[in-house]
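Me: Please take a close look at one part of this model, the second largest pocket, and describe what lines it and how the helices around that part of the chain are arranged. I would like one connected account rather than a list.

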Amino acid sequence: MIVWLNGTFGAGKTTTAHELLDLLPGSTLYDPELLGSGLRMMLPAKRFEEIDDYQDLPAWRRMVVDTAAALLTEVPGPLVTPMTLLRQEYRDEIFGALAARRIPVRHVLLHADETILRARTADREDAPGDAGAAASTRRWSLEHLGPYADALPWLQGDAHVVDTSRLTPRQTAERVAEAVRTGAGACDIVQTPEPTAETLAAGVLLFDDQDRVLLVDPTYKAGWEFPGGVVERGEAPARAGVREVAEELGIELPRALRLLVLDWEAPKPPGFGGLRLLYDGGTLTDDRISKLLLPGAELRDWRFATEAEAEKMLPPVRWNRLRWALRARERGCPLHLEAGVPAG
């Protein structure tokens, strides 16, 4: 298990983590910031000029998961992880990958009023004797107050909140330990095993009466997606699409779905690629839309989007697949793609 202590700078994550080690038997401190420092030493300096934060590196997010899994083969756990995580898509990617490894997460947000955060930042002594480094650290901390305020709505909905405004680190740790013991902050994410070879996946495009396409927001990976999923062994792809739509949204579709796109996705480590099929699930009536259901452990939201809106919401590989599927729907003829490009 991982006890992920989230919160902006000055909330008390590091001091609470050290106190928590005394309260959770078998616990070990796991600081992913060390992975960022290591990557900074190993990657070309130019790579860091392209990003704002090492969390923007896919390698860092992958290493957070892989390192946690490796540590838990050496120690009993839990791992206590004091790490600011403000971007929800990074939360989904990391926590979803941990769930795929069968590593449960307790997400705890350490929160304090902004006035208290600013006062704590002013009193920080991260680099004694180095006024320049200390000033840089304080500036960095203050710059994150805005992004933290923006992230607070989703953080409060996802994590167990402990207000540290008037608590000592020990008192905060005691409240976190009690929360962990009672199961608070548990992230109930669908446990989708990581692929070990190429996969076959079927997605279904559903439309409203304005021809907007239905997109869903998974809790276990970054970015919006189409309803659908991996085809099980011995299962027909179209039947898999129907099954996934029923499981994810509570909508029963006819078995005869019209194929729009068959796309071969090239392997890109750590992914294995495979075949991706998109089917036309037809237009939903207002009555059926009103009855849409969401499994909280798998999807957090859904919305209908125009083609232009979808381009901003979907990762490039999914957006490319969608735009060709919409062209195929207009023409009434399925398209064969290879790595997102029409073939033949």
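Reply: What follows begins with the pocket, goes on to the helices, and ends with two backbone details and an annotated domain.

The model is a predicted one, and in it the second largest pocket holds about 1,200 Å³ of space. The lining of this pocket is made up of 42 residues, and those closest to the pocket centre are Phe9, Lys13, Glu33, Thr84 and Trp140. Sorted by class, the lining residues comprise 16 polar, 14 charged and 12 nonpolar ones.

Four helices, namely α1 (13-23), α2 (33-42), α7 (131-143) and α9 (169-181), each contribute at least two residues to the lining of the second largest pocket. Among the contributors, α1 gives the most, with 5 residues.

Two of these lining helices, α1 and α9, also pack against each other, at an angle of about 55° and with their axes 8 Å apart. Because angles under 35 degrees count as roughly parallel and those from 65 to 115 as roughly perpendicular, α1 and α9 are described as oblique to each other. The handedness of the crossing between α1 and α9 is right-handed.

Another lining helix, α2, leads to a second packing pair, since its axis and that of helix α4 (residues 58-71) come within 10 Å and cross at roughly 130°. That angle therefore makes α2 and α4 oblique to each other as well, and α2 passes α4 in a right-handed crossing.

From α4 the description can be carried on to helix α5 (residues 88-100), for α4 and α5 pack with their axes 9 Å apart and at an angle of about 30°. α4 is therefore roughly parallel to α5, and the crossing in which α4 passes α5 is again right-handed.

Two backbone details belong to loops that adjoin these last helices. In the loop between α4 and β3 (79-82) lies Pro78, which is joined to Gly77 by a cis peptide bond with an omega of about 10°. In the loop between α5 and β4 (105-111) lies Arg102, a residue that has a positive phi of about 65° although it is not a glycine.

As for annotation, an unreviewed UniProt entry places the feature "domain: Nudix hydrolase" at residues 197-327. Over residues 197-327 the chain is 33% strand and 28% helix, and the C-alpha atoms at the two ends of that stretch are 30 Å apart.

Terms used. Residues are numbered from 1 along each chain as its sequence is written. This is a predicted model: local features need pLDDT of at least 70, side-chain atom pairs count only at pLDDT 80 or more; totals for chains, interfaces and linings use all residues. Side-chain values use heavy atoms; hydrogens and water are left out. UniProt positions are given in the numbering used here, feature names are shortened, and annotations may be inferred rather than shown by experiment. On a 1 Å grid over the protein atoms alone, a cavity is a set of points where a 1.4 Å probe fits but cannot get out, and a pocket is an open set with protein on both sides within 12 Å along at least five of seven lines; lining residues have an atom within 4 Å of a point. Grid points are joined across faces, edges and corners, and a volume is the space filled by probe spheres set on the points. Ala, Val, Leu, Ile, Met, Phe, Trp, Tyr, Cys and Pro count as nonpolar, Asp, Glu, Lys and Arg as charged, and the others, Gly among them, as polar. Axes are lines fitted to C-alpha atoms, for helices over the stretch in contact, and angles run from 0 to 180 degrees between N-to-C directions. Angles under 35 degrees count as roughly parallel, over 145 as roughly antiparallel, 65 to 115 as roughly perpendicular and the rest as oblique. A crossing is left-handed if the near helix is turned anticlockwise from the far one by less than a right angle, and right-handed if clockwise.
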